[in-house]
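Student: I'm new to this one. Could you take me through how its labels are earned?

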Amino acid sequence: AKALFSDYIDEQGGNEADKAGAVGQLGMAIGLSFMAGPLLGSFIVSDYREAIYLSAFVTAVSSVFLLFLPKPAIRPLPAVTIAKPA
């Protein structure tokens, strides 16, 4: 995910500070979700079956959101010439 943020910032014309900020925000969001997720989950579900159903639902919704991510630009590879031995 960090590489995706970095490439996207490059394509949008951002600088190194923009990249660092985006990666820092990503790390903060992941850290908060690791702390808040179990806490909220303990209030929402009461047994393992409900937890499994809830996680399947959240996974499906997250998968749908992946379809809306911006497509990366495909850059052509530079031509490589092989020198012939003399």
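Tutor: Sure. One definition to start: a salt bridge is a side-chain nitrogen of Lys or Arg within 4 Å of a carboxyl oxygen of Asp or Glu. Keep in mind that this is a predicted model.

Student: What makes the pairing of K19 and E16 a salt bridge?

Tutor: Set the value against the cut-off. The side chains of K19 and E16 meet with N and O 3.4 Å apart, and the limit is 4 Å, so the pair qualifies as a salt bridge. As a general point, side chains of opposite charge can pair when their charged atoms come close.

Student: Where do K19 and E16 lie with respect to each other?

Tutor: Both K19 and E16 sit in helix α2, three residues apart, or about one turn of the helix. In general, an α-helix has 3.6 residues a turn, so residues three or four places apart point the same way.

Student: How many salt bridges are there by this rule?

Tutor: Two. K19 also forms one with D10, where the closest N and O atoms are 3.0 Å apart. That value passes the 4 Å test too, so K19 and D10 count as a salt bridge.

Student: What do the shared partners do for D10, E16 and K19?

Tutor: Salt bridges that share partners join D10, E16 and K19 into one network.

Student: Why is K19 called buried?

Tutor: Because its relative accessibility is 15%, and buried means under 20%. The partners get other labels: E16 has a relative accessible area of 58%, so E16 is exposed, since exposed means over 50%. D10 comes out at 37%, between the two cut-offs, so D10 is partly exposed.

Student: What is K19 in contact with, leaving aside its neighbours within four places in sequence?

Tutor: S6, I9 and D10. In α2, the buried residues are K19, A22, L26 and G41, and what covers the buried residues of α2 includes α1, residues 2–11.

Student: How do you know that α2 reaches close to its expected span?

Tutor: Compare two values. Helix α2 covers residues 16–44, which makes 29 residues, and it reaches 41 Å from its first C-alpha to its last. At 1.5 Å a residue, 42 Å is expected, so the two are close.

Student: Where is the kink in α2?

Tutor: At A36, shortly before the proline P38, and the kink is about 30°.

Student: What makes N15 a cap for α2?

Tutor: A side-chain oxygen of N15 lies 3.2 Å from the backbone nitrogen of A17, at the N-terminal end of α2. A polar contact needs N or O atoms within 3.5 Å, so this pair fits.

Student: Why are Q12 and F43 called exposed?

Tutor: Q12 is in the loop between α1 and α2, and its relative accessibility is 54%. F43 is in helix α2, with a relative accessible area of 68%. Both values are over 50%, so both residues count as exposed.

Student: How far is F43 from Y53?

Tutor: Their C-alpha atoms are separated by 15 Å, and the two residues are ten residues apart along the chain. Q12 and I74 are 62 residues apart in sequence and 14 Å apart in space, C-alpha to C-alpha.

Student: Which elements have the lowest and the highest mean pLDDT?

Tutor: Helix α1 has the lowest, 78, and helix α3, residues 48–66, has the highest, 91. For the protein, the mean pLDDT is 84, and 97% of its residues reach 70 or more.

Conventions:
Residues are numbered from 1 along each chain as its sequence is written. This is a predicted model: local features need pLDDT of at least 70, side-chain atom pairs count only at pLDDT 80 or more; totals for chains, interfaces and linings use all residues. Side-chain values use heavy atoms; hydrogens and water are left out. Helices (H or I, at least four residues) and strands (E, at least two) are DSSP runs, numbered from the N terminus. The bend at a residue is the angle between axes fitted to the seven residues ending there and the seven starting there. Buried means under 20% relative accessible area, exposed over 50%, partly exposed in between (1.4 Å probe, protein chains only). Contact means heavy atoms within 4.5 Å. A polar contact is a pair of N or O atoms within 3.5 Å; within protein, one must be able to donate a hydrogen and the other to accept it, and residues adjacent in sequence count only if both atoms are side-chain atoms. pLDDT is the predictor's confidence in each residue, from 0 to 100.
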